[in-house]
Amino acid sequence: MVSSNFDCIVVGGGITGAGIARDLSLRGLKVILFEKNDLSEGTTGRCHAMLHSGARYVYKDKEAATECSVENEILLKIAPHITEACGGYFMGLDREDIEYGDVFYEACKNSNVSCEEINIKDFLQEEPNCNRYTKRVFKVKDGYVDPFLLTYYNAYDAVNNGAIIKTYCKVENLIVKNDTIIGVKYFDLLNKKRDEAYGKIIINATGPWASDLEKDLTLSEPLKIAPTMGTLLVIKDRLVNHLINRLRKPGDGDIIVPSHNSIILGTTSKLVKLEDLDTLLPEKDEIEYILKLGESLIPTIRKHRLIRFYSGARPLIASGDPLREVSRKFDIIDYEKEGYPGLITIFGGKLTTYRLMAEKTCDLVCKKLDMEAECETANLPIPGGENKVHKKVFQDELNVDSKTAFNMQFKWGTFYKEILNLCEHCLDSTTFNAPRTICECENVTEPELSWVKKNFDVKVIDDYRRRTRQGMGPCQGLFCYFKIANLEAKWTEKSHAQIMEELKLALNKRWKIETSADELLKRQIKFSKYIYLLGGNLE
Amino acid sequence: MSKDSKFLEVCIVGGGFAGMNLARILAEKNINSEIYTSGIGASQFWVGTVDFLNYNKEDLKQSFAKFKANNPKHPYKRLEWDLINFSFRDFFSTFPNFKCFENNGDLSNQYVLTTLGNLKPCIGIWNTIFHNFDSLNEDSIVILVDFIEFNNSTMHLVEKSLKDNFPGKFFILELSFIKLVQDWDANEQISLFQGNLTEIKIADFFDNSLEKIEIIADYVKSEVVKQLKNVEQNKIVWYIFPPVLGIRKEQEIIKNLSKILNAECKELVAISPSIMSKRLNNEFENRLQESDIGINKNLILTSIKKISEKGNIVWELLFSDKKGNKETIKAKYVVFAIGTTFLEGIFSELSDLKRIFQGFSISLPNTFSDSFELIFNNISDQKSGIFACGSAIYLFVEGLTEEDEIKYGTGLGLSIATSAKVGEKILEYLK
């Protein structure tokens with residue numbers, strides 16, 4: 001029972017909500033956050049993990065471009081362990097692209113977005129898998145950020161500063177008393193219990209789901225949300241080491257992001273109904289369409305296996321503009337004018353600008369509560385990011401191989417020492433001094449899983465995946481979920497039946513893409529079903 | 001080239017358990033057949049059980065009749081009980097390393113414990129697998145041995161399941177393989193620790209260390225004293241090991257260990273399948289070698305067509321390996337035992353089944369006989385039939401759901417029964 005009064009109740013555990021919870025708790029406020037699934041399981045975890053330099057938006061959305069450019073620098077500084085300043089290229093292929101190049105270059109300058117034209121030969125030397133008929137290339141400061149870990153580290157720090165984070169708790173209603181919002185009613189999905197929490201300010205950070213929370217209020221201008229669905233494909237093998245953009249106005253299938261051992265290719269933009277938000281899945285022809293577009297950037301892309309695809313919903317406000325031209329800026333909606341000073345909705349924006357969105361929202365909260373508290377998040381490193389820990393340190397200290405160290409350097413930062421301390425309980429057989437690998441595709445070791453279990457509030461088996469990338473590789477968990485289930489049996493008091501329930505749930509999330517999968521992926525899913533349903537008799 | 005090409009009576013495409021069992025059956029009748037296989041398939045993930053319908057019914061014959069009535073499209077619909085009974089009995093008597101479950105002289109299903117800790121009804125199991133739960137009571141003490149080097153271990157899941165479902169006390173005993181061998185001969189250690197220490201290597205090691213079983217047993221005993229202080233050794237009734245205790249001599253090792261430890265030792269059904277699969281594979285290969293049947297590995301079928309030779313219609317099959325080497329085979333009968341999941345290896349780049357079939361330059365069959373024969377243009381040519389057996393049957397039957405395949409009909413049971421049926425038909429045609 002959470003009965004005490006909070007300064008602030010945050011609804012929604014994506015990067016926006018987690019960022020706000022951290023910012024508020026650093027300012028000394030008493031915060032509670034509710035998330036209906038796991039943190040980062042909604043839009044945050046379904047993006048392409050791109051750290052925008054702003055270049056993509058210079059043409060239509062100057063303000064968003066400048067915001068991205070500033071925030072990009074800040075994030076690289078405060079979170080060196082989960083970002084990669086790999087840089088990005090805009091590659092032009094046809095006459096139209098070449099002409100857009102001039103407009104693009106000018107627009108970058110006007111938005112203070114760093115951009116330089118480079119020699120095509122040099123580009124192809126850096127990225128030999130890209131189309132060799134590229135006609136024009138610009139280099140920008142795009143990067144990569146792990147959207148999952150960014151969320152968990154924010155939440156981790158919030159908790160360290162006194163915040164409470166409740167995952168798998170769905171806020172069902174606002175509690176309104178005498179026309180004043182005083183709290184929320186929520187349903188704890190794991191314990192199947194309803195409860196209430198009271199607070200002075202409620203922040204709606206539920207992204208495309210934002211209008212759900214308005215349903216109990218009488219509003220003259222309710223939110224008009226028009227979420228668009230973007231589909232992304234994960235392709236086996238790290239075919240590029242920089243971000244690749246098509247040199248043209250933002251369109252479909254024109255971004256490739258290198259992510260750990262694979263690349264992410266996308267995206268599309270399609271209006272979706274609010275009632276479909278929880279079950280977004282791309283259709284076969286959409287996947288084919290993106291692959292076709294991807295071929296113009298990397299001609300051999302089809303020779304590499306498609307290992308996963310997913311769709312996320314962008315939180316966009318309905319307007320008459322074409323979908324691609326709706327601004328990617330964010331809005332903070334204060335319901336004071338509607339007679340509810342205790343409610344704020346934060347809406348829109350990008351993963352890259354989450355920190356700024358949180359800062360502005362928290363400024364408004366402080367103003368409402370008549371408090372003076374400085375925002376620290378632009379300078380204070382995210383936990384683990386106090387300094388950059390390089391691959392070699394992981395290799396030397398933890399004795400792991402080069403590939404494992406490569407993946408570790410984008411996850412744990414200065415926490416490697418804590419992970420090292422957990423190693424002695426789970427040493428690998430071959431060397432006797434390296435930690436044991438559990439997920440062979442993504443090189444996730446047992447002490448890493450053990451560390452997130454202790455620090456990142458793992459509630460169910462499926463939670464390990466987002467925190468460590470376990471099960472995200474080519475075999476999609478086929479050869480590691482039973483080991484994860486075994487660890488959960490070892491580390492918790494849960495009953496065998498409950499673990500089986502959670503295992504089934506986690507596997508079903510991997511298997512659900514079957515309807516749109518290609519033949520190879522379908523066979524892999526079928527094989528996974530053989531192993532677990534037939535071999536393991538998982539009911 | 002065509003002059004040199006091999007001529008067979010039966011060409012079996014696919015070297016999983018379905019293909020090998022068919023080859024075995026044909027060899028017993030002196031039919032000239034060979035196996036062509038890509039070398040990768042679902043059989044490599046066999047876990048040690050023989051399943052036939054996922055029903056826990058004592059009277060399988062009756063359940064089978066009911067199942068057939070309710071599932072008109074299922075492959076089992078085409079089989080008679082006599083054939084089921086005969087084919088399984090034949091299989092179990094050929095491979096005495098299996099334990100066949102019986103009830104009053106009839107084949108029956110019994111529960112075994114899967115690696116996830118769930119119970120699963122099976123018609124038979126590899127002899128050394130733990131299954132007899134009825135003997136557990138409040139006083140039973142069961143030790144679950146977990147080698148910390150065994151990377152696929154699920155002993156904690158199994159322990160939890162046993163605790164939740166059965167009377168008795170269950171304890172995990174953590175053993176270290178490396179600690180066990182560290183005082184041993186240096187040469188042995190060098191060969192063990194060169195490269196990765198795989199489960200197969202550990203199993204091989206036990207195969208070669210029969211004389212050291214006493215040392216192993218002493219190690220187990222001393223660790224029980226160290227780790228499980230409240231356990232009275234003489235009250236332990238079972239020791240359950242992961243299947244790493246040998247690939248060829250596991251029966252012997254288990255027997256000796258049981259004797260020395262003075263408790264029954266058994267193995268667990270393994271999701272980590274390399275060892276179980278290797279055991280059965282060895283048995284099959286030995287048997288086929290005795291009968292002089294060729295197994296041609298690392299070959300992928302690239303085309304198949306009908307040709308006329310000396311007035312007879314035969315199949316001409318073209319196989320190729322990864323290096324591009326080609327081999328042409330002529331055969332009176334062709335059997336597809338290619339499974340459904342691994343046509344060219346699950347993680348390879350090439351994939352699409354339909355494309356492969358188009359490459360066969362034969363149209364897809366329009367009917368599929370009760371003997372799993374593919375019938376083209378409604379004509380059954382008894383002198384040049386083409387068949388499917390094992391789970392490959394699912395490629396040719398329309399209207400079957402995934403549940404039909406996964407829940408009720410795949411695995412070693414389907415392979416045994418359908419290969420027997422196909423073998424029977426080919427023998428009839430050849431008469």
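**Sheets, domains and contacts in a two-chain predicted model**

Phe98(B) stands opposite Trp126(B), a residue of strand β9(B). This is a predicted model, in which local features need pLDDT of at least 70 and side-chain atom pairs count only at pLDDT 80 or more, while totals for chains, interfaces and linings use all residues. Residues are numbered from 1 along each chain as its sequence is written, and chains are lettered from A and ligands numbered from 1 in the order in which they are written.

The facing residues make a good way into the sheet of chain B. Strand β4(B) is joined by three bridges to β9(B), residues 124-126, and the two run antiparallel. Here helices (H or I, at least four residues) and strands (E, at least two) are DSSP runs, numbered from the N terminus, and two strands pair if DSSP finds at least two bridges between them. Together, three strands of chain B form an open sheet with antiparallel pairing, in the order β3-β9-β4. Its edges are β3 (49-50) and β4 (98-100) of chain B, each of which pairs on one side only.

Chain B as a whole holds 13 helices and 20 strands. Its C-alpha trace spans about 80 × 55 × 35 Å along the principal axes. The radius of gyration of chain B is 24 Å, which agrees with the value near 22 Å for a compact globule of 431 residues; this radius is taken over C-alpha atoms, and the globule rule is 2.2 Å times the number of residues to the power 0.38. Of these 431 residues, 44% count as buried, a label given if 20 or more other C-beta atoms, placed from the backbone, lie within 10 Å of a residue's own. Among contacts in chain B between residues at least 6 apart in sequence, 72% join residues at least 24 apart; a contact requires C-beta atoms, placed from the backbone, within 7 Å. Chain B is assigned domain 1 (6-100 + 286-430) and domain 2 (130-268), with bounds from an automatic or database domain assignment. The centres of these two domains of chain B, taken over C-alpha atoms, are separated by 37 Å.

Chain A also offers a sheet to explore. Three of its strands form an open sheet in the order β3-β8-β4, with antiparallel pairing. Since β3 (50-51) and β4 (83-84) of chain A stand at the edges with a single partner strand each, one side of each is left without a neighbour in the sheet. Two bridges pair β3(A) with β8(A), residues 143-145, in the antiparallel sense, and Met50(A) stands opposite Tyr144(A) in β8(A). Helix α2(A), residues 62-78, packs on this sheet, touching β3, β4 and β8 of chain A, and its direction makes about 60 degrees with that of β8(A). For such angles, axes are lines fitted to C-alpha atoms, for helices over the stretch in contact, and values run from 0 to 180 degrees between N-to-C directions.

Finally, the two chains meet. Their contact takes 33 residues from chain A and 37 residues from chain B. On the side of chain A, the elements giving two or more residues are α13 (481-491), α14 (496-511) and α15 (519-535). The largest share of that side, 12 residues, comes from α15(A). By class, the side of chain A that touches chain B divides into 15 nonpolar, nine polar and nine charged residues; Ala, Val, Leu, Ile, Met, Phe, Trp, Tyr, Cys and Pro count as nonpolar, Asp, Glu, Lys and Arg as charged, and the others, Gly among them, as polar.

Key:
A residue is buried if 20 or more other C-beta atoms lie within 10 Å of its own, exposed if 12 or fewer, and partly exposed in between; C-beta atoms are placed from the backbone. Two residues are in contact if their C-beta atoms, placed from the backbone, lie within 7 Å.
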